[in-house]
Amino acid sequence: MSEKRIALGRGLGALLDDDGHLRSEEDAHTLVSGTFALPLSAIKPNPFQPRQDFKPESLDSLAQSIRQLGVIQPITVRAIKDEEFELISGERRLRAAKLAGIEKIPAYIRPAKGEQMLEMALVENVQREELNPIDVALGYRRLIDEYELTQEDVSRKVGKQRSTVANFLRLLHLPPKIQLGLREGILTPGHARALLALPSEKTQQKLFDEIQHQDLSVREVERRVKLQQKKPKKSKKPHTHRKPHVTEVENELRKHLGTKVRVKESPKGIGRIEIHYYSKEDFSRVLELLTGSSQ
């Protein structure tokens, strides 16, 4: 790949206005038509980076490759101002290049706003299958929350079906420990989607532990979830016979206070009286009836 060396300073400055924005569409085409060797010191990290995990051993391996062969796949950046850039995608390559001790890195320069930066970084990582499912889900969530997009908008931007986007977002409803399991590859999205059908975090966690210790397949997890769902519900406690005087007191209080009253009494004669109210005004009314005074 032929590599153009950008003349930082006057050369790039001619394409940017005082705010660091490209002056025209023609200037944008000029920038994206080739790659440029940029100093690593001139590149700031991407604040919209969807990827959270960068394994040290993987970076070390890539850094070793870069020392021998150089950076084969250019990173992508946007120009902030003259001699200053912000990373759009390729943070793993940028980090490894710093570890390798090289001074410059090949880069595509593209005009991009915040939403576009997140979108491009997310799309590149998803297409290269470098993101774990939770980071993908968090990336989708950021597009929705920070840029007020719908799931349909996100699906169009990242080239995925809306149902796929929805399934990733559902993973964020799992307990933190199970989300960590997804990040670390202990279970697959298929396992996780099956766990989502369970009614409580406790049952989800229990089956997650079984997945780890017994190396369960997705099909086996689905089978166990169905068995959980078919378990008969616990029968309610039988209705206990209430003493006549308790019911009588309830009725008298209900008539006097004009609201729901519940008297609960234990076999030992110990209990409590519950008086319901439905607004601040209702509370004041009931209190006045009980104390015989006006608030």
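This is a short dialogue on reading features in a predicted model.

Visitor: Where do we begin, and how many helices and strands does the protein chain have?

Guide: Begin with the inventory. The protein chain has 14 helices and 7 strands. Of its 295 residues, 39% are buried.

Visitor: What do the contacts in the protein chain tell us about separation in sequence?

Guide: Take the contacts between residues at least 6 apart in sequence. Of these, 63% join residues at least 24 apart.

Visitor: And how much surface does the protein chain expose?

Guide: About 18,600 Å². Carbon and sulfur atoms supply 50% of that area.

Visitor: Now the sheet. What is the order of the strands in the open sheet?

Guide: Read a sheet by its strand order, then by its edges. Here the open sheet has 5 strands in the order β1-β5-β3-β4-β2, and the pairing is mixed. The edge strands are β1 (35–39) and β2, each pairing on one side only.

Visitor: How does β4 pair with β2 and with β3, parallel or antiparallel?

Guide: Take each neighbour in turn. Strand β2 (residues 43–44) runs parallel to β4, joined by 2 bridges. In that pair, I43 has F85 as its bridge partner, and K44 has E86. Strand β3 (residues 75–81) is antiparallel to β4, over 5 bridges. There, T76 stands opposite S89.

Visitor: What links β3 to β4?

Guide: A hairpin, with 2 residues between the strands. E83 sits in the turn and has a positive phi of about 70 degrees.

Visitor: Is β4 largely enclosed or open to the outside?

Guide: Count its buried residues, using the cut-off of under 20% relative accessible area. In β4 (residues 84–89), 6 of the 6 residues are buried, so the strand is largely enclosed by the rest of the structure.

Visitor: Which helix lies across β4?

Guide: Helix α4 (residues 91–100) does. It lies across β2, β3, β4 and β5 (104–109), and runs at about 125 degrees to β4.

Visitor: What does N46 do beside this sheet?

Guide: Place the residue, then look for its polar partner. N46 is in the loop between β2 and α3 (56–69). Its relative accessibility is 5%, so N46 counts as buried. The N46 side chain reaches the backbone oxygen of I88 at 2.8 Å.

Visitor: Next, helices. Why does the span of α6 agree with expectation?

Guide: Compare the rise per residue with the end-to-end distance. Helix α6 (residues 133–147) has 15 residues, and at 1.5 Å a residue it should span 21 Å. Its end C-alpha atoms are 21 Å apart, so the two agree. Helix α14 (residues 280–291) gives a second case: its 12 residues reach 16 Å from first C-alpha to last, close to the 16 Å expected.

Visitor: Which residues of α6 are buried?

Guide: The buried residues include P133, I134, D135, V136 and A137. Further along, G139, Y140, L143 and I144 are buried too.

Visitor: What happens at the two ends of α6?

Guide: At the start, a side-chain oxygen of N132 reaches to within 3.0 Å of the backbone nitrogen of I134. Just after the helix, E148 takes a positive phi of about 55 degrees. Just after α14, G292 also has a positive phi, of about 70 degrees.

Visitor: Why pick out a positive phi?

Guide: Because most residues other than glycine have a negative phi. D215 is a case to inspect: it is not a glycine, yet its phi is positive, about 50 degrees. D215 lies in the loop between α11 (201–214) and α12 (218–230). At 70% relative accessibility, D215 counts as exposed.

Visitor: How do β6 and β7 pair?

Guide: Strand β6 (residues 261–265) and strand β7 (residues 271–275) are antiparallel, joined by 5 bridges. V261 stands opposite I275. The two strands form a hairpin with 5 residues between them, and G269 in the turn has a positive phi of about 85 degrees.

Visitor: Which residues does V246 touch?

Guide: Leave out sequence neighbours up to four places away. Then V246 touches V263 and E265. V246 belongs to helix α13 (residues 244–257). The C-alpha atoms of V246 and E265 are 7.9 Å apart, with their positions 19 residues apart along the chain. V246 counts as buried, because its relative accessibility is 5%.

Terms used. Residues are numbered from 1 along each chain as its sequence is written. This is a predicted model: local features need pLDDT of at least 70, side-chain atom pairs count only at pLDDT 80 or more; totals for chains, interfaces and linings use all residues. Side-chain values use heavy atoms; hydrogens and water are left out. Helices (H or I, at least four residues) and strands (E, at least two) are DSSP runs, numbered from the N terminus. The expected span of a helix is 1.5 Å times one less than its number of residues. Buried means under 20% relative accessible area, exposed over 50%, partly exposed in between (1.4 Å probe, protein chains only). A polar contact is a pair of N or O atoms within 3.5 Å; within protein, one must be able to donate a hydrogen and the other to accept it, and residues adjacent in sequence count only if both atoms are side-chain atoms. Two strands pair if DSSP finds at least two bridges between them. Contact means heavy atoms within 4.5 Å. Axes are lines fitted to C-alpha atoms, for helices over the stretch in contact, and angles run from 0 to 180 degrees between N-to-C directions. Accessible areas come from the Shrake-Rupley method with a 1.4 Å probe; for residues, only the protein chains shown count as cover.
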